[in-house]
Amino acid sequence: MPQQQKAVFVREIKKPVELGARDVPTPKDGQVLVKVTATMLLPHDAYGRDMGLFMDDKLPYIPGANVAGIVEQVQGSSVFEKGNHVFGMSDFMAPLPDQQGLQEYAVLNVDDIARVPEGFSDDQAVSLPVNIITSFLALFDAKYGLGFPAPWDSVAGQSVKDQTLVIVGGGSSTGKLAIQLAKIAGFGKITTVAGSKNKDELEKMGATHVVDRHGTVEEVTSRVHAITGPDVTLILDTVNQSFELSTTLLSKDKESKLVTFLPNHQPEALAEQRPNCKSVFVEGGNENLAPHREAFWKHVPEWLKAGKILPTSYWTLEGLENVDKINAVLDGYMAGAGGAQLIVHP
């Protein structure tokens, strides 16, 4: 086992990431040390580099919260053993970047990982953690989401079968996972607003109706209300930074709930137009998953193996030395680029 390793650092906010070196971390009780095989970079990594999100007070820091790897050491009793391929989400709130993915070795909490299911690659598994945790919390957590019973709860299907759910941004990675999780839970009507090119794919994932997102707010609202009626009370908005469409979709009179995947910086506008709406910003993270953690990490590999959850789109890059390409991808995320997301093989 080497004592030093290569890593990619954010050393200064609004500056490009840089290749450097640091010590290989030592696992504590309840952790494993993995040789990192894959890490997916997501928009929040770009926000960290350029806006200091989650890292401005602990520089230098390392991006990459989705981590997959091969277990090298186990500290304490564990269901994992050396040689297991595992995937999960790092604790990106930790003061040191020991759990982050853009390095050759990382430690991970055993409560926040699962084995990569047989027949799937580390790349496929590592495409899921941050996005599926966020979408799961949006649907099933009482504090950060709609608060419906989790799919493994015996009353889950009965509680949602008559519910109408609207997902704005169904073509996004989190939107697709929200559709699939809603189908697993048994929601009766899953209407999503997305690009029409995604219609067939989203219907296979579980959407009962796909509404073309193109057009004015009024036009899109009219299309949705033709399916749902005017009293929409449950919306997940997975993509927007302003919420004119979601606000217009919501019932004017009935109590409703809007879960946003980005912060609402104009809550007064929503409160004025839809005073009976409760708006919640979902914060995807292991600490917020805590009440569901054990069952969640048990079921995600099972859903993946059963085809109930599909890996998200990705492309791969070999080696940490390609910092110019890594910076270019982060630049693209900051510019709002969509499409397949980057997995780096350290």
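## A guided tour, starting at the second largest pocket

Begin at the second largest pocket, whose volume comes to about 290 Å³, and keep in mind throughout that the model on screen is a predicted one. To display the lining of this pocket, select Ser78, Val79, Phe80, Val110, Asp111, Ile113, Ala114, Arg115, Arg293, Glu294, Trp297 and Lys298. Colouring this selection by residue class will show six nonpolar, one polar and five charged residues. Two elements, strand 7 (113–115) and helix 11 (293–306), each contribute at least two residues to the lining of this pocket, and helix 11 gives the most, with four.

**Helix 11**

Stay with helix 11 and select the whole of residues 293–306. A distance drawn between the end C-alpha atoms of helix 11 should read 20 Å, which agrees with the 20 Å expected because its 14 residues are taken at 1.5 Å a residue. Next, pick out the buried residues of helix 11, which are Phe296, Trp297, His299, Val300, Pro301, Trp303 and Leu304; Trp297 also appears in the lining of the second largest pocket. To see what these buried residues pack against, show strand 5 (85–89), strand 7, helix 2 (122–126), helix 3, helix 5 (173–185) and helix 10 (286–289). Follow the chain past the end of helix 11 to Gly307, where phi is positive, near 80°.

**Helix 1 and the largest cavity**

Now move to helix 1, residues 43–51, and select its buried residues, namely His44, Asp45, Ala46, Gly48, Arg49 and Asp50. Which elements do the buried residues of helix 1 pack against? Show strand 3 (31–40), helix 3 (129–140) and helix 12 (323–334), and the partners of these buried residues will be on display. Just after helix 1 comes Gly52, which takes a positive phi of about 80°.

With His44 and Asp45 still selected, turn to the enclosed space that they help to line. The structure holds one cavity of 30 Å³ or more, and the largest cavity contains about 70 Å³ of space. Its lining is completed on screen by adding Leu53, Phe54, Met55, Tyr61, Ile62, Pro63, Gly64, Ala65, Phe92 and Gln100 to those two residues. By class, the lining of the largest cavity is made up of eight nonpolar, three polar and one charged residues.

**The two annotated spans**

Select residues 28–117 next, the span that an unreviewed UniProt entry annotates as "domain: Alcohol dehydrogenase-like N-terminal". This span is 10% helix and 37% strand, and its end C-alpha atoms lie 25 Å apart.

Then select residues 175–255, which the unreviewed UniProt entry annotates as "domain: Alcohol dehydrogenase-like C-terminal". Here the chain is 44% helix and 17% strand, with 23 Å between the end C-alpha atoms.

**Thr221**

For the last stop, centre the view on Thr221, which has its place in helix 7, residues 217–228. Is Thr221 buried or exposed? Its relative accessible area is 7%, and because buried means under 20%, Thr221 counts as buried. Which residues is Thr221 in contact with, leaving aside its neighbours within four places in sequence? Show Leu245, Thr248 and Leu249, as these are the contacts of Thr221 beyond that range. A C-alpha to C-alpha distance from Thr221 to Leu245 should read 7.1 Å, although the two residues are 24 residues apart in sequence.

Technical notes:
Residues numbered from 1 in each chain as written. Predicted model: local features only at pLDDT ≥ 70, side-chain atom pairs only at ≥ 80, totals over all residues. Heavy atoms only, no water. 1 Å grid on protein atoms, 1.4 Å probe; cavity = no way out; pocket = protein on both sides within 12 Å on 5 of 7 lines; lining within 4 Å. Points joined across faces, edges and corners; volume = space filled by probe spheres on them. Nonpolar A, V, L, I, M, F, W, Y, C, P; charged D, E, K, R; others polar. Buried < 20%, exposed > 50% of the residue type's maximum accessible area, 1.4 Å probe, protein only. Contact = heavy atoms within 4.5 Å. UniProt positions renumbered as here; feature names shortened; annotations may be inferred. Expected span 1.5 Å × (residues − 1).
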